[in-house]
Amino acid sequence: MNLDLSEEQKLLQRTVREFAESEVKPLARELDESGQFPRETFRKAADLGLTAVALPESEGGAGFDHVSYSIVIEEISRVCASTGVILSVQNSLYCDPIHRYGTSEQKAKFLGPFARGEKIGCYALTEPQAGSNAAALATKAVLKGGRYIVNGAKAWITNGAVADAALVYVNTDPAKGEKGITALVIERGTAGFKIGKEEKKLGIHATACAELSFADCEVPAANRIGNEGEGYKVALSTLDGGRIGIAAQAVGIAQGAFELALAYARERQAFGHPIADFQAIQFMLADMATEIDAARLLVRKAAWKQDTGARFTTEASIAKLFASELATRVTHKAMQIHGGNGYSREYAVERMYRDARITEIYEGTSEIQRLVIAAGVLKRY
Ligand code: CAA
């Protein structure tokens, strides 16, 4: 078994590391403070192919595999978790389902420009009353004369305030419950589609996370992705890939915090020594390094399985569960090593500590990941 990255993957990793260091890291603090969506960085990331890493070049993607995609999200999130998830949503939650379920006409309109990063996409599943219980979504769509009339509201939509199009999950036949869920692409500017308030959050401030609402919003039937009633499968299979993205984001945040803690421990003097000389600090660093390594291997295993074409639902949830909880533990320790300075906004670990927490919540809470893993080990999938 060879765990080495291929030469191509190593080159991509170096390229993205350089991009992250020179273009993303210098803005991370400012984005955290201003909450501004990083449009210019998104455009530069697109120039490198980072808006559709694992899509074929024929569809506007960069043609890498999903292991490479996980490396990209880790490297970006190592310096800025907001930018990491913005790209993860574009890749996994918007482009991927349109790639898998879209017709060639739909791909020309709703995939190419998004894969090339000329346009921004988002994924609108969650509603104010339907988070973990996604099947209970209440947004309805009725087909009339070749158009769906959509009514309802979505919440917590990453990239939502800036997206040019949203992949919106609606129910076209509520009597059928989850079997009535259907996926529609709804473009910004469609009459009746309103972008609501942006969420004020603990972390990842720059993600343009907003409410979306639809009031008699008329959407051409040609915008339906997959068949009527197929939306729940589109949504859940999409989250399999999305969860790898979030797991990679969590590893990246943890890696970034670990590196800062390591450097600080070498530099900070106490009792006449750098604090790295003390076992209390060494044990924290050892635990951090061990767990990051384990999480990264789980992420790469899940991404590798995705690349084989086999179902990878359980592996994605295992990676997401472990990596997200690890990111919370590692950023906690990184702040502890920094002492009082770590609690100050002057130091990046303070931001990383706040940013890490969401990885245990979005794209399925840790409790949902445990349900999915249990179903997997009990061979329900
Ligand atoms: N791939 C393909 N099909 C799948 C699937 C998958 N991963 N998971 C389930 N399915 C299919 C099943 O095969 C089944 O199909 P049949 O009826 O034809 O057999 C159907 O979907 C229903 O499956 P389950 O009965 O297993 O599903 P469930 O309704 O019991 O619930 C759940 C599953 C795990 C609770 C699921 O609803 C879930 O994951 N909820 C969490 C939702 C979530 O993660 N939301 C995050 C929002 S997105 C976000 O956070 C974005 C962001 O901002 C970054």
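Okay, let's start with two helices, α7 and α10. Helix α7 covers residues 231–267 and helix α10 covers residues 348–357. Keep in mind that what you're looking at is a predicted model. Now, two packed helices are described by the angle between their axes and the distance between the axes. For this pair, the angle is about 155 degrees, and the axes sit 10 Å apart. Angles over 145 degrees count as roughly antiparallel, so that's the label α7 and α10 get. As for handedness, α7 passes α10 in a left-handed crossing.

So who's doing the touching? On the α7 side you've got Ile-253, Gly-256, Ala-257 and Leu-260. On the α10 side, look for Ala-348, Val-349, Met-352, Asp-355 and Ala-356. Sort the residues in this contact by class and you get seven nonpolar, one polar and one charged.

Next up, the nonpolar cores. The largest one has 96 residues. Which residues have the most contacts inside it? Those are Leu-50, Ile-76, Tyr-94, Tyr-169 and Ile-337. And here's our friend from the start again: α7 gives the most to this core, with 17 residues.

Let's zoom in on Ile-337. If we skip its neighbours within four places in sequence, Ile-337 is in contact with Ala-261, Tyr-264, Ala-265, Ile-275, Ile-281, Met-284, Leu-285 and Met-288. Apart from that big core lies another one, of 17 residues, and among them are Ala-124, Tyr-148, Val-168 and Leu-184.

Okay, two single residues to finish. The first stop is Gln-36, in the loop between α1 (7–34) and α2 (39–47). Is Gln-36 buried or exposed? Its relative accessibility is 52%, and the cut-off for exposed is over 50%, so Gln-36 counts as exposed. Skipping neighbours within four places in sequence, Gln-36 is in contact with Leu-31 and Ala-206. Now try Glu-57, which is 21 residues away from Gln-36 along the chain: their C-alpha atoms are separated by 30 Å.

The other stop is His-99, in helix α4, residues 81–101. His-99 has a relative accessible area of 23%, so it's partly exposed. How far apart are the C-alpha atoms of His-99 and Glu-59? They're separated by 7.9 Å, with the two positions 40 residues apart along the chain. Glu-59 also turns up among the contacts of His-99, together with Leu-55, Pro-56, Lys-107 and Leu-111, again leaving aside neighbours within four places in sequence.

That's it from me, thanks!

Note on methods
Residues numbered from 1 in each chain as written. Predicted model: local features only at pLDDT ≥ 70, side-chain atom pairs only at ≥ 80, totals over all residues. Heavy atoms only, no water. Axes fitted to C-alpha atoms, helices over the stretch in contact; angles between N-to-C directions. Helix = DSSP H or I, 4+ residues; strand = E, 2+ residues; numbered from the N terminus. Parallel < 35°, antiparallel > 145°, perpendicular 65-115°, else oblique. Left-handed = near helix turned anticlockwise from the far one by under 90°. Contact = heavy atoms within 4.5 Å. Nonpolar A, V, L, I, M, F, W, Y, C, P; charged D, E, K, R; others polar. Core = buried A, V, L, I, M, F, W, Y, C linked by side-chain atoms within 4.5 Å. Buried < 20%, exposed > 50% of the residue type's maximum accessible area, 1.4 Å probe, protein only.
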